[in-house]
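Reader: I've got the model open and I'd like to check the wording against the definitions. Can you walk me through it?

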Amino acid sequence: MRIKLPSKDTAGVVTSFYLISHTNNHDELDFEFLGNREGKPYTLQTNVFANGIGDREQRIQLWFDPTANFHEYSILWNSHQIVFFVDEVPIRVYKNKSHRGVGYPTQSMQSEATIWNGETWATENGSAKINWSNSPFTAQFQGFTIEGCPFSNYSLNCNSTNFWWNSKQFWKLTYAQEKSYKDRRKYMTYDYCKDTNRFQTIPPECTK
């Protein structure tokens, strides 16, 4: 999806693009753009839910102004890894560690996009409230494309290597992607794996 985020003062305004299963114990993959005071960097939060369990947030500050132009946000999801991309640059990798008892998304999901009021938490831990005099807040979406295993065809093996995204070259990042990924880690402002206040024991997916 190509997205252009709302301009002006957007503190407390959350724009999101995500995949979700809409089941009782749902799977979900999130891009959440946390608005900010005008002139301050935009924060992008990603999250992964598996079998109804989330709390796997990571945040990075975008290295460009996402309100000035459209940028591309995409997800690669197969049985080996989930990769979040910004303009084809990987910013997050979530490996399948189900062999350790870690939840991994496996359910059929649909894509959605929303804009909503997150002023209780999204900007400066909720201290920066929405300035409603700047409303309406408008996000623009274009160029949506999807390639996936058709939900309507239950006889299809969705892990088949006949689908390009399941071929071995997509089981891990390429050398060039790994380098770009490490370069972008310097923009990270929060990683749940390092939050000892929330997690006295490091979540098992956070260890190598």
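Author: Sure. This is a predicted model, where local features need pLDDT of at least 70, side-chain atom pairs count only at pLDDT 80 or more, and totals for chains, interfaces and linings use all residues. Residues are numbered from 1 along each chain as its sequence is written, and side-chain values use heavy atoms, leaving out hydrogens and water.

Reader: What makes β4 and β5 a pair?

Author: Strands are DSSP runs of E, at least two residues, numbered from the N terminus, and two of them pair if DSSP finds at least two bridges between them. Here 4 bridges join β4 (residues 43-49) to β5 (residues 58-61), so they pair, running antiparallel. Gln45 stands opposite Arg59 in β5.

Reader: Why is Glu57 called buried?

Author: Buried means under 20% relative accessible area, exposed over 50%, partly exposed in between (1.4 Å probe, protein chains only). Glu57 has 14% relative accessibility, so it counts as buried. Glu57 lies in the loop between β4 and β5.

Reader: What makes the link between the side chains of Glu57 and Arg198 a polar contact?

Author: The term needs a pair of N or O atoms within 3.5 Å; within protein, one must be able to donate a hydrogen and the other to accept it, and residues adjacent in sequence count only if both atoms are side-chain atoms. The two side chains make theirs at 3.0 Å, so the distance fits the cut-off.

Reader: Which residues does Glu57 touch?

Author: Contact means heavy atoms within 4.5 Å. Not counting residues up to four places away in sequence, Glu57 touches Gln45, Thr46, Asn47, Arg92, Tyr190, Asp191, Tyr192 and Arg198.
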